[in-house]
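This report examines a protein sheet, two residues with an unusual backbone angle, and a pocket. Please keep the sequence and the structure in view while reading.

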Amino acid sequence: MSIPHIKRGDEVTVEISTAAFEGKSVARIEGFVLFVDGAVPGDIVQVRVVKSKKQYAEAIILKLEKPSPLRTTPRCPHVGTCGGCKWQHVSYSAQLQFKQQQVREAFERIGGFASPEILPIIGADDIFFYRNKMEFSFANQQWLEEPPLATQSEIPNPQSEIYLGLHVPQRYDKVLDIRECHLQSEVSNSILTFTREFARRSGLAVYSTESDSGYFRFLVIRQSKRTKELMVNLVTFESRPDVMKQWTTGLLSAVPEITTVVNTINNRKAQIAFGDREHIYHGEGVIHERLGNHTFTISAGSFFQTNTAQAEKLYTVAKDFAGLRKTDTVYDLYSGTGSIALFVAGDAGNVIGIESVESAVKDAERNAKQNGVTNCSFLLGDLKDRLTKDTAWMQSYPKPDVLIIDPPRSGMHPRVLEEIATLGTPKIVYVSCNPATQARDVKALCEKNYRITKLQPVDMFPHTYHIENVALLERG
């Protein structure tokens, strides 16, 4: 069969057949793959090709000729622009179906597993206002909303002032000036609005990497879903107590629910919402959140799962898969701030967490102490070293009965995979936020005398294409 010649600038009408990775959808022209951003399986759309390769092309929608029955009216006025809720125009039941399909395709195509048994995906009870943390950026240029189904050439030039919101994909010099976001809470929108207006009245500038000067950098809001405590953290280039006191007074008057106010100073060029110094202007400088039977202290720089309710479901799956006995030794690899370790500690003999970030290890130790958990130990170090040359610690503990692994999106280093296989642990519970790298790693472990017993997808982030997946591997 000849491959159709699809070139950049071509306009064609196609029917969308399936969902693909990263929120794109797929149409096929005589078997040739066309990725269409913003489309839904079942749509009939007129599109313009914006990129053409030998094996595939990419296109944008010009006109929605016939909408898919899977489409729904999005709740957010910014949908399709900020890049956050890429699937808000898709019914939630269809989103779950696509995510289950994403896990299946990863294990079939990347892992090489024929028809793996995947348990029905665990969806979220709350599909709006579910995040406990939001990070907004200041900018002196605004990305203007593009009209529905517009092409890039139709977007007006950006304006210049002080704006506060979210970066659109691939644009770090401008922000979408968010007026309403449905990810965290109504009160977070009030904090956002007050802070924007204060910044505009202050006469102070947004930080610029070019001039290495300015003041405003980020606004970070952390909100406990269980204790209802609320932290507002203004990240600035320098310390200005006069400005912070004025902002704090006005903010607390406008939003009295706030329990703590923090100012993080980041005087480096790196555009990140972290710094070397923190000043507390109201409250204790921390909030508390509960997962299961444990309470976690969260500071301005702490890592914590951003969807509390779904994190609890995810950890419950991991614990159930582990099938722990009171005599079991558990290694929690990539243990972070110890949330999984503490969640399973009550069912195990002892848990050893290994983490490469020093601040996370300190947070884990603090969390264990404040919850009275005495059978958890946390070690600082890179897994490549802790499992190969720096192994003296292993003499103090029995061999692991269960490994719980929760690596970053990139998955595990090949040397770590080799050492894990060498340990010969009877059970491995692999928690992943990236089914593609998880399938790759699981394939490598199954080549070392392991087999997949269960796969369980969990939706942590409704309206996005992201999906968590838990795999149970058993020896032999």
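Two strands are said to pair if DSSP finds at least two bridges between them. The model discussed here is predicted.

**The sheet**

By this criterion, β14 pairs with strand β17 (residues 402–405) in the parallel sense, over four bridges. Within this pairing, V330 stands opposite V402 in β17. In general, strands of a sheet pair through backbone hydrogen bonds, either parallel or antiparallel.

Both strands belong to an open sheet of seven strands, whose order is β16-β15-β14-β17-β18-β20-β19 and whose pairing is mixed. Which strands stand at the edges? They are β16 (376–380) and β19 (450–458); each has a single partner strand, so one side of each is left without a neighbour in the sheet. From one strand to the next, the twist averages 15°.

A helix is also in contact with this part of the model: α1 lies across β19 and β20 (468–475), and runs at about 160° to β19.

**Two residues with positive phi**

Most residues other than glycine have a negative phi. The table presents two residues that have a positive value instead.

| Residue | Phi | Loop | Relative accessible area |
|---|---|---|---|
| K228 | near 70° | between β8 (216–223) and β9 (230–236) | 60% |
| Y334 | near 60° | between β14 (329–333) and α5 (339–345) | 21% |

Are these residues exposed or partly exposed? A residue counts as exposed over 50% relative accessible area and as buried under 20%, with partly exposed in between. K228, at 60%, is therefore exposed. Y334, at 21%, is therefore partly exposed. The loop that holds Y334 lies between β14 and α5, and β14 is one of the strands of the sheet described above.

**The second largest pocket**

Rolling a probe the size of a water molecule over the atoms shows where empty space is left. In this model, the second largest pocket contains about 260 Å³ of space. It is lined by 13 residues, and the closest to its centre are A20, F21, V26, F35 and R109.

Which elements each supply at least two residues of this lining? They are the strands β1 (11–19), β2 (24–29) and β3 (32–37), together with the helix α1 (92–110). Thus α1, which lies across β19 and β20, also contributes to the lining of this pocket. By chemical character, the lining residues divide into six nonpolar, two polar and five charged.

Note on methods: Residues are numbered from 1 along each chain as its sequence is written. This is a predicted model: local features need pLDDT of at least 70, side-chain atom pairs count only at pLDDT 80 or more; totals for chains, interfaces and linings use all residues. Side-chain values use heavy atoms; hydrogens and water are left out. On a 1 Å grid over the protein atoms alone, a cavity is a set of points where a 1.4 Å probe fits but cannot get out, and a pocket is an open set with protein on both sides within 12 Å along at least five of seven lines; lining residues have an atom within 4 Å of a point. Grid points are joined across faces, edges and corners, and a volume is the space filled by probe spheres set on the points. Ala, Val, Leu, Ile, Met, Phe, Trp, Tyr, Cys and Pro count as nonpolar, Asp, Glu, Lys and Arg as charged, and the others, Gly among them, as polar. Buried means under 20% relative accessible area, exposed over 50%, partly exposed in between (1.4 Å probe, protein chains only). Axes are lines fitted to C-alpha atoms, for helices over the stretch in contact, and angles run from 0 to 180 degrees between N-to-C directions. Contact means heavy atoms within 4.5 Å.
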